[in-house]
Amino acid sequence: MAKVPVEHPIDYFTGINENFQRGSGESANCKNAVPKRGTLAIRSGFIKLNAAPVGDIKTVIPFRNTLLVAYGYTIAKLNNGAFEVLKSDCTGAFFECITAIGGSILVLTNGINILKWDDSRLQALGGSPPAGKYPFLHRFRLWLIVGKTLHMSKFNNPELWENDTLVIENPNGGDIIGSVVYQDRPTVFTKSSFHVILGTDPSNYQVIDSSLEIGLAAHRTITEVNGRLYWLDQNFKVREFNGADTIVISDKVKRTLESINRQQAHLSFAEEDGT
């Protein structure tokens, strides 16, 4: 058992599957937490919060002085060793999040509920934002993705939305299922393609088709390590991208990757272990 250094320590068991006996308050689903997107970086396995059991936790979100968790239809915060419910009518508990306005607020989205947290109150993000997923910040704009369309807020105002959009056209790729900002360029993925966006403003953004054959298996496998971008592609190969060229780096673990349950592949995640 190990300690993760957050304000409220979290214990977790390491492991690669769900074949352990879970105790009260433990959840296998926190393995979906991902570093670098506002959620807590943990290893695959079980997690036990040092507080009262709250349910089957899907997302763990440390933000400044608060630890938020999402489970069932609920978002709660850890408060003096117990969980205080902030919202109990969410449509799902798998949230992606990003900090905005210089880190003063946290924006959370599950594709339907678009929320903001400022360390004291959880409420709907203002300005009628699109019901999008895969949020990221670029050039002081909040971006949200709906289907094949990227929506951008106004400059330095995540609560002001008009008609600044980009559409990714790839007849074989379908909807966008992942995003990241890499080398100061928004990069988006479909199931069979990935695209880099050049430019600094909606007036000059240009979509570059980096590949119409290499796609993505799971959004939460996208991670940057030492200036290189990595992800699990639709054929269950780990890709490395340097901004120009893409190579496969997973041949030595090919059998392991090919054993991934196809129906659960979208829950895969990647992390940097720091070694």
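Two strands pair if DSSP finds at least two bridges between them. Strands themselves (E, at least two residues) and helices (H or I, at least four) are DSSP runs, numbered from the N terminus.

## Ground rules

Welcome to a predicted model, in which local features need pLDDT of at least 70 and side-chain atom pairs count only at pLDDT 80 or more, while totals for chains, interfaces and linings use all residues. Residues are numbered from 1 along each chain as its sequence is written, and side-chain values use heavy atoms, with hydrogens and water left out.

## An open sheet

With that pairing rule in hand, let us start at strands E22 and E23, which run antiparallel and are joined by four bridges. E22 covers residues 228-232 and E23 covers residues 238-241. Across this pair, Leu-232 stands opposite Val-238 in E23.

Both strands belong to an open sheet of four, ordered E21-E22-E23-E24 with antiparallel pairing. E21 and strand E24 (246-248) are the edges; each has a single partner strand, so one side of each is left without a neighbour in the sheet. From one strand to the next, the twist averages 30°, where axes are lines fitted to C-alpha atoms (for helices over the stretch in contact) and angles run from 0 to 180 degrees between N-to-C directions.

## The E9-E10 hairpin

Next comes a hairpin: E9 and E10 have four residues between them, and Ile-101 in the turn has a positive phi of about 50°. The two strands pair in the antiparallel sense over five bridges, with Ala-100 opposite Ile-105 in E10. How enclosed is E9? Four of its five residues are buried, so E9 is largely enclosed by the rest of the structure. Here buried means under 20% relative accessible area, exposed over 50%, and partly exposed in between (1.4 Å probe, protein chains only).

Ser-104 sits in the loop between E9 and E10 and counts as partly exposed because its relative accessibility is 29%. Leaving aside neighbours within four places in sequence, Ser-104 is in contact with Phe-63, Arg-64, Trp-117 and Asp-118; contact means heavy atoms within 4.5 Å. Of these partners, Asp-118 is 14 residues away from Ser-104 in sequence and 6.4 Å away in space, C-alpha to C-alpha.

## Nonpolar cores

A nonpolar core is a set of buried Ala, Val, Leu, Ile, Met, Phe, Trp, Tyr and Cys residues joined through side-chain atoms within 4.5 Å. The largest one here has 14 residues, and the members touching the most others are Ile-75, Phe-95, Leu-106, Leu-108 and Trp-117. At least two residues of this core come from each of strand E5 (57-63), strand E6 (66-71), strand E10 (105-109) and strand E11 (114-117). A second, separate core has 12 residues, including Tyr-134, Phe-136, Ile-145 and Ile-176.

Which residues does Ile-75 contact, leaving aside its neighbours within four places in sequence? Its partners are Val-69, Ala-70, Glu-84, Val-85, Leu-86, Lys-87, Cys-90, Phe-95, Leu-115 and Leu-122. Cys-90 is itself buried, as its relative accessibility is 3%.

## Salt bridges

The structure holds 10 salt bridges, each being a side-chain nitrogen of Lys or Arg within 4 Å of a carboxyl oxygen of Asp or Glu. In Glu-96 and Arg-220, the closest N and O atoms are 2.9 Å apart. This bridge links distant parts of the chain, 124 residues apart: Glu-96 is in strand E9 (residues 96-100), and Arg-220 is in the loop between strand E20 (206-211) and strand E21 (223-225). Both Glu-96 and Arg-220 are buried.

Lys-154 bridges to Asp-164 with closest N and O atoms 3.0 Å apart, joining strand E15 (residues 149-154) to strand E16 (residues 157-167). Lys-154 is partly exposed at 21% relative accessibility, whereas Asp-164 is buried at 16%. Back in the open sheet, Arg-228 and Glu-240 form a bridge, again with closest N and O atoms 3.0 Å apart. Arg-228 is partly exposed at 35%, and Glu-240 is buried at 14%. Shared partners also join Arg-141, Lys-154, Glu-162, Asp-164 and Asp-201 into one salt-bridge network.
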